[in-house]
Amino acid sequence: MSRPPPPSSRNAGAGQVRIVGGRWRNTRLAVPDVAGLRPSSDRVRETLFNWLTGQLAGARVLDLFAGTGALGLEALSRGAAGAVLVERDPAAARQLAQTVTRLQADDIAQVVQGDALAWLEGQPDGGFQIVFLDPPFADGLHARVLERLPRLLAPGAWLYLEAPLEQAPALPPGFVLHREGQTRQVRYALARAPG
């Protein structure tokens with residue numbers, strides 16, 4: 001019988017997270033055991049959605065690198081009108097689609113299984129009022145995504161970013177930092193697009 005790996009080498013995401021507020025409050029979301037998957041903590045999400053109070057009602061949301069969908073589904077739970085949840089890993093995307101069906105949210109949540117950069121390239125301009133950007137840190141995707149993302153945003157859209165603790169989240173030109181914070185593992189920021 002093989003022994004399990006030590007905790008430090010396991011995927012920190014394996015287990016469950018919960019939706020913190022809104023109509024699906026305390027709903028548990030399964031966290032698939034996928035390399036690089038690192039769901040935002042309950043505390044960080046609570047802070048973020050306090051910052052976004054008043055911005056969610058009727059918003060069109062993009063959760064890029066969705067993973068468990070905790071950010072996009074939290075936004076829907078709190079009143080966003082619709083969300084696109086993009087996830088590359090097939091198992092995580094299947095789990096996310098099952099969660100959307102369980103929540104009876106198929107009419108407001110679209111799960112896309114595919115590469116985020118390729119998906120961004122194929123989208124028309126404009127439309128998203130809130131974007132959550134929390135890619136796997138090891139893949140170095142922040143800069144490449146931020147080059148392609150601004151054209152998909154509505155004027156004055158909100159952009160949430162997470163980055164490694166040692167790296168300040170970089171903002172696209174013209175974006176204004178609204179709030180920022182950090183935990184022992186990550187730095188996070190909310191910024192506003194021009195317009």
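A residue is called buried when its relative accessible area is under 20%. The views below show a predicted model.

**View 1. Strand β3 is a mostly covered strand**. The strand comprises residues 60–64, and 4 of its 5 residues are buried. Two pairings of β3 are shown in the views that follow, with strand β4 and with strand β6.

**View 2. Strands β3 and β4 pair in the parallel sense**. Strand β4 spans residues 82–87, and 5 bridges connect it with β3. Within this pairing, Asp 63 has Leu 85 of β4 as its bridge partner. Helix α2, formed by residues 70–77, belongs with β3 and β4 to a β-α-β unit, and this unit is right-handed.

**View 3. Strands β3 and β6 run parallel**. Strand β6 covers residues 128–133 and is joined to β3 by 4 bridges. Here Leu 62 stands opposite Val 131 of β6.

**View 4. His 142 lies in helix α5**. The helix consists of residues 142–148. The relative accessibility of His 142 is 12%, and therefore this residue counts as buried, the cut-off being under 20%.

**View 5. The side chain of His 142 reaches the backbone oxygen of Glu 162**. The distance for this polar contact is 2.6 Å. When residues up to four places away in sequence are not counted, His 142 touches Pro 135, Phe 137, Leu 161, Glu 162, Ala 163 and Gln 167. Glu 162 thus appears both in this list of contacts and as the residue whose backbone oxygen the His 142 side chain reaches.

Note on methods: Residues numbered from 1 in each chain as written. Predicted model: local features only at pLDDT ≥ 70, side-chain atom pairs only at ≥ 80, totals over all residues. Heavy atoms only, no water. Buried < 20%, exposed > 50% of the residue type's maximum accessible area, 1.4 Å probe, protein only. Polar contact = N/O pair within 3.5 Å; in protein donor to acceptor, adjacent residues only side chain to side chain. Contact = heavy atoms within 4.5 Å. Pairing = 2+ DSSP bridges. Right-handed = clockwise from strand over helix to strand, strands pointing away.
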